[in-house]
Amino acid sequence: MARNVKDLLAEANSSVPRLSPNEAAEKMRTGDVLVVDVRDPTEVQQSGKLKGAVNVSRGMLEFRADPESQYHNPEFRKDKTILLHCASGGRSALAGKTLQDMGYTAVFNIGGFKDLAEAGIDTEPA
């Protein structure tokens, strides 16, 4: 049976733990984490990004995360905690499920950029 977006999101949300902005900030302060912004570059240009975050648009995630890919970003390591966000949490949930399917184990959805910035997490220009 074919699945739709609602099904995919439900599966991702049940598999990828969601952290509150405060929990995300704590992990960012205390852990060896990679913060990944999966929004499109035009979105990041308009609003900025979380300080230190790597912008990898959702469409390029698999290529950046796979060590065998010519487009691999060496910041993606399976021994690192990965914190994903987008504009509202949907794309980051799907991205988290994809990373889990690729063998990443410490993957968290930290929701949407605006909520994170409003909670006091530092931002910077794109």
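Accessible areas here come from the Shrake-Rupley method with a 1.4 Å probe. The structure is a predicted model.

**Exercise 1. The chain as a whole**

Task: Describe the surface, extent and secondary structure of the chain.

Solution.
1. Start with the surface: the chain exposes about 6900 Å², and carbon and sulfur atoms supply 49% of this area.
2. Of the 126 residues in the chain, 40% are buried.
3. Along the principal axes, the C-alpha atoms occupy a box of roughly 45 × 30 × 30 Å.
4. The secondary structure amounts to 6 helices and 6 strands, and their pattern along the sequence is α-α-β-α-β-β-α-β-α-β-α-β.
5. The radius of gyration is 14 Å, close to the 14 Å given by the globule rule for 126 residues, so the chain is as compact as a globular protein of that length.
6. Take the contacts between residues at least 6 apart in sequence: 69% of them join residues at least 24 apart.

**Exercise 2. Assembling the sheet**

Task: In what order do the strands of the open sheet lie, and how many bridges join E1 to E4?

Solution.
1. The open sheet has 4 strands in the order E3-E1-E4-E5, and the pairing is parallel.
2. Its edge strands are E3 (54–55) and E5, each of which pairs on one side only.
3. Between E1 (residues 33–37) and E3 there are 2 bridges, and Asp37 stands opposite Asn55 in E3.
4. E1 and E4 run parallel and are joined by 5 bridges; Val33 stands opposite Thr81 in E4.
5. E4 and E5 also run parallel, with 4 bridges between them.
6. From E4 the chain passes through H5 to E5, a β-α-β crossover that is right-handed.
7. Helix H2 (residues 21–30) lies across E1, E4 (81–86) and E5, at about 140° to E4.

**Exercise 3. The two faces of E1**

Task: Which residues of E1 point one way, and which the other?

Solution.
1. In a regular strand, side chains alternate between the two faces of the sheet.
2. In E1, Val33, Val35 and Asp37 point one way, while Leu34 and Val36 point the other way.
3. To judge burial, apply the cut-off of under 20% relative accessible area.
4. By this criterion 5 of the 5 residues of E1 are buried, so E1 is largely enclosed by the rest of the structure.

**Exercise 4. Val107 and the edge strand E5**

Task: Is Val107 buried or exposed, and what does it contact beyond its neighbours within four places in sequence?

Solution.
1. Val107 belongs to strand E5 (residues 107–112).
2. Its relative accessible area is 2%, so Val107 is buried.
3. Setting aside neighbours within four places in sequence, Val107 contacts Val16, Pro17, Ile82, Leu84, Gly96, Leu99 and Gln100.
4. One of these contacts, Ile82, stands opposite Val107.
5. E5 is an edge strand, yet 6 of its 6 residues are buried, so E5 is largely enclosed by the rest of the structure.
6. For a distance check, the C-alpha atoms of Val107 and Lys6 are separated by 21 Å, with the two residues 101 apart along the chain.

**Exercise 5. Ser92 in H5**

Task: Where does Ser92 lie, and which residues does it touch, not counting those up to four places away in sequence?

Solution.
1. Ser92 lies in helix H5 (residues 90–101).
2. Its relative accessibility is 0%, so Ser92 counts as buried.
3. Not counting residues up to four places away in sequence, Ser92 touches Val38, Leu84, His85, Cys86, Asn109 and Gly111.

Technical notes: Residues numbered from 1 in each chain as written. Predicted model: local features only at pLDDT ≥ 70, side-chain atom pairs only at ≥ 80, totals over all residues. Heavy atoms only, no water. Buried < 20%, exposed > 50% of the residue type's maximum accessible area, 1.4 Å probe, protein only. Contact = heavy atoms within 4.5 Å. Pairing = 2+ DSSP bridges. Axes fitted to C-alpha atoms, helices over the stretch in contact; angles between N-to-C directions. Right-handed = clockwise from strand over helix to strand, strands pointing away. Rg over C-alpha atoms; globule rule 2.2 N^0.38 Å.
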